[in-house]
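Me: I am new to this structure and would like a close look at a single part of it. Could you start with one helix crossing and then take me outward from there?

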Amino acid sequence: MNPAYATTDHVFPVPLDHAAPHGPTIEVFAREVVDPSRTREELPWLLYLQGGPGGKSPRPSAGSPGWLPQALTTHRVLLLDQRGTGRSTPVTARTAARSSSPEQLAAYLGHFRADSIVADAELIRRQLCGDATPWETLGQSYGGFLTLTYLSRAPEGLRACYVTGGLPGLAATADDVYARTYPRVRDRVLDFYARYPDDAPRLSKIADLLAATDVRLPDGDRLTVRRLRTLGLALGMGDGFERIHWLLDESLDHNGELTDTFLHQAMTLTAFTDNPLFAVLQETLYGQGTGPTGWAAARALADFPEFAEEADPFLLTGEMIYPWMFRDIAGLRPFADAAEILAARTDWPPLYDPQRLAANEVPLAAAVYHDDMYVDAGLSLRTAREVGATRAWVTNEWEHDGISASGGLVLARLMDLAAGRA
């Protein structure tokens, strides 16, 4: 029992492959959260679909996550650890290292995409709510991708859906996505330098040091220039500029050497220890039988010379995943050969059904963040036009994490939109 919330833990055995329900099983964990004063009430369920891929659901504490108090005024909330994350039979470097072969590991990882997560959610809904009772969903970022898969495959399980920063392009390939992503990341880095002008030369100085010196992180990995650049992943969040600025503020000591504080934090931010699936599955989000994703972010990099390591200004990268990461980063090395197999796979099943989505009747309210670094607003708005019963709210008031940063304001607005009150 949390002082602010009443919580109940649930564990559900689910098939690894829902197409083979009598085969191997895994466990999926979810935490039920309700206002302590309303535990005996029959409240509608709200399933939270976390961002990612590879992110576990938030662990509730007083007032956190920021949207939760608002949700609990009307709903009973289910915080789902999507398969492979948190307490749901987690996929980690250690478990990957125990695989009998790269082929076996790649086949296993192929069951951790949106279609499998949605099948898990439907199994859980039927157990908690009954076959005839739909629930509502709140999808943040990748959770919005899951929502569109849910509406494509099992709309009968849904009463209303809320999406924040996560309407995917229904037919967008990985190449389409990264052609749009690099310019947004470039602009975000330049905005960061405009806010903190001293950080541009500081980052260049650190890059020069790393190019000339074998600098090791606390876990033994070498900190390279290309790994340094991945710190830019944080810049799309509301506090991202400040997180990177204050990291750089303590990066160099009076001798011009990198501090232990900086090395520890740089390792933590770039190691993927808690969420290797983010790297492993990132490009598979766009695999829908249209050919291999083939390391699309790495291929697209050649079209943007301003991202060359020797370019001035020195540009950080965003959520792009590159093949070298699976050699350079300890937490990803056990996945290296399997990741190559996944990048070459051509038979990914479609995740979205455009015809079914066009005829959708489940109210869908979506916040589209105009300046979102991670999810292209243009693709999101195209999807909003292509999916029935959708109302989109375009705003530049919040960054990608507006659902939590707004303290419940974004969720309240979306609920009003879905209900026709706004």
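Reply: Helix H7 crosses helix H9 in the left-handed sense, meaning that the near helix is turned anticlockwise from the far one by less than a right angle, while a clockwise turn would be right-handed. This is a predicted model, in which local features need pLDDT of at least 70 and side-chain atom pairs count only at pLDDT 80 or more, whereas totals for chains, interfaces and linings use all residues. Residues are numbered from 1 along each chain as its sequence is written, and side-chain values use heavy atoms, leaving out hydrogens and water.

H7 covers residues 199-212 and H9 covers residues 240-249. Such names come from DSSP runs numbered from the N terminus: helices are H or I runs of at least four residues, and strands are E runs of at least two. The axes of H7 and H9 are 11 Å apart and the packing angle is about 60°; axes are lines fitted to C-alpha atoms, for helices over the stretch in contact, and angles between N-to-C directions run from 0 to 180 degrees. H7 and H9 are therefore oblique to each other. The other labels are roughly parallel under 35 degrees, roughly antiparallel over 145 and roughly perpendicular from 65 to 115, with oblique for the rest.

Now for the residues that touch. From H7 come Asp199, Arg202, Leu203 and Ile206, and they meet His245, Leu248 and Asp249 of H9; contact means heavy atoms within 4.5 Å. Sorted by class, the residues of this H7 and H9 contact are three nonpolar, one polar and three charged. Here Ala, Val, Leu, Ile, Met, Phe, Trp, Tyr, Cys and Pro count as nonpolar, Asp, Glu, Lys and Arg as charged, and the others, Gly among them, as polar.

Two of these residues lead us onward. Setting aside residues up to four places away in sequence, Phe262 touches Ile206 and Leu248, and also Leu223, Leu228, Leu247, Glu250 and Ser251. Phe262, with Trp135 and Phe326, has the most contacts inside the largest nonpolar core, a set of 116 residues. A nonpolar core joins buried Ala, Val, Leu, Ile, Met, Phe, Trp, Tyr and Cys residues through side-chain atoms within 4.5 Å; buried means under 20% relative accessible area, exposed over 50% and partly exposed in between, with a 1.4 Å probe and protein chains only. Helix H6 (residues 174-195) gives this core the most, eight residues. There is also a second, separate core of 24 residues, with Ala71, Leu72, Leu411 and Met415 among them.

For a contrast, try helices H4 (residues 114-129) and H5 (residues 142-153). Their axes come within 9 Å and cross at roughly 70°, so H4 and H5 are roughly perpendicular to each other. Here the crossing is right-handed. Among the residues that meet are Ala114, Ile117 and Val118 in H4 and Tyr142, Leu146 and Tyr150 in H5. The contact of H4 with H5 holds seven nonpolar, one polar and four charged residues.

Finally, look at Ser141, in the loop between strand E5 (135-140) and H5. Most residues other than glycine have a negative phi. Ser141 is not a glycine, yet has a positive phi of about 55°. Ser141 is buried, as its relative accessible area is 12%.
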